[in-house]
Amino acid sequence: ARPIVAIVGRPNVGKSTIFNRIIGERLAIVEDRPGVTRDRIYGTAEWNGKPFSIIDTGGIEIFDEDELLKQVRMQAELAVEEADVILFIADAKAGLTPADETIAQLLFRSNKPIVLGVNKMDNPASTDEIYEFYSLGLGDPVALSGTHGIGVGDLLDELVKRL
Ligand code: GDP
Ligand code: MG
């Protein structure tokens, strides 16, 4: 069976945008509004000759900050169980948030390989936003822009190394 990559992160960080980029189709629905419940979406892809399955963990509905954390935690736990490698996405425009830290702790404890992608780095000339994400302790974050297609190859390089 193909190894499984799960994309995890807060609502609205760009998970579905990146998922669509990776599979080369628009299977996942990209939403401006955070908190729209979606089913988990599965796709397949191949990079550097390595095939894998990929899950977009969508269905997070936000009621308030407590509920957000609870839901994010649940999604992350599910993903950790299923996945061989975790793709954790954060948002450079929003910066590092408490929910990101919660997810990072949970992922770290799983002992599964994790690649941290910092999305919405739309301007390659301005990279300062990346530095605070080192504090998550998940290694070197990969800067990318899902909408502009920047850095997705670098992200995939790191991902398939861990398959
Ligand atoms: P998800 O909730 O994590 O799946 O996030 P989505 O993929 O639905 O994206 C949420 C919003 O962020 C949408 O309006 C996207 O167009 C936008 N977005 C996604 N990637 C980028 C990016 O690289 N740069 C910018 N500026 N916006 C992005
Ligand atoms: Mg989504």
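Modeller: Helices (H or I, at least four residues) and strands (E, at least two) are DSSP runs, numbered from the N terminus. This is a predicted model: local features need pLDDT of at least 70, side-chain atom pairs count only at pLDDT 80 or more, and totals for chains, interfaces and linings use all residues. Residues are numbered from 1 along each chain as its sequence is written, while chains are lettered from A and ligands numbered from 1 in the order in which they are written.

Colleague: Thanks! In what pattern do the helices and strands follow one another along the chain?

Modeller: There are four helices and six strands to place. Going along the sequence, they come in the pattern β-α-β-β-α-β-α-β-β-α.

Colleague: Which strands stand at the edges of the sheet?

Modeller: The six strands make an open sheet with mixed pairing, in the order S2-S3-S1-S4-S5-S6; two strands pair if DSSP finds at least two bridges between them. An edge strand has a single partner, so one side of it is left without a neighbour in the sheet. That describes strand S2 (41-47) and S6.

Colleague: Let's look at strand S5 (114-119). How many of its residues are buried?

Modeller: A residue is buried if 20 or more other C-beta atoms lie within 10 Å of its own, exposed if 12 or fewer, and partly exposed in between, with C-beta atoms placed from the backbone. Ile114, Leu116 and Val118 point one way from S5, Val115, Gly117 and Asn119 point the other way, and all are buried. So, counting along S5 with that definition, the number of buried residues is six of six.

Colleague: Which residue of S6 is the bridge partner of Val118?

Modeller: Val118 also has a partner in S4, where Ala90 is bridged to it; six bridges join S4 to S5, and these strands run parallel. On the S6 side, two bridges join S5 to S6, which run parallel as well. The partner of Val118 there is Ala143.

Colleague: After S5 comes a loop. Is Lys120 in it buried or exposed?

Modeller: Lys120 sits in the loop between S5 and S6, and its phi is near 70°, a positive value in a residue other than glycine. Because Lys120 has 22 C-beta neighbours inside 10 Å, it counts as buried.

Colleague: And Thr127, is it buried or exposed?

Modeller: Thr127 is also in the loop between S5 and S6. Its C-alpha atom and that of Arg21, 106 residues apart along the chain, are separated by 22 Å. Because Thr127 has 12 other C-beta atoms within 10 Å, it is exposed.

Colleague: Asn12 caught my eye too. Is it buried or exposed?

Modeller: Asn12 lies in the loop between strand S1 (4-8) and H1. Its phi, near 80°, is positive although the residue is not glycine. With 20 other C-beta atoms within 10 Å, Asn12 is buried.

Colleague: Which helix gives the most to the shell around ligand 1?

Modeller: A residue is near a molecule if its C-beta atom, placed from the backbone, lies within 6 Å of it. Ligand 1 has 18 residues around it, and Gly14, Lys15, Ser16, Thr17 and Gly146 come nearest. By class, the shell has three nonpolar, 10 polar and five charged residues (Ala, Val, Leu, Ile, Met, Phe, Trp, Tyr, Cys and Pro count as nonpolar, Asp, Glu, Lys and Arg as charged, and the others, Gly among them, as polar). With three residues, the helix giving the most, at residues 15-23, is H1.
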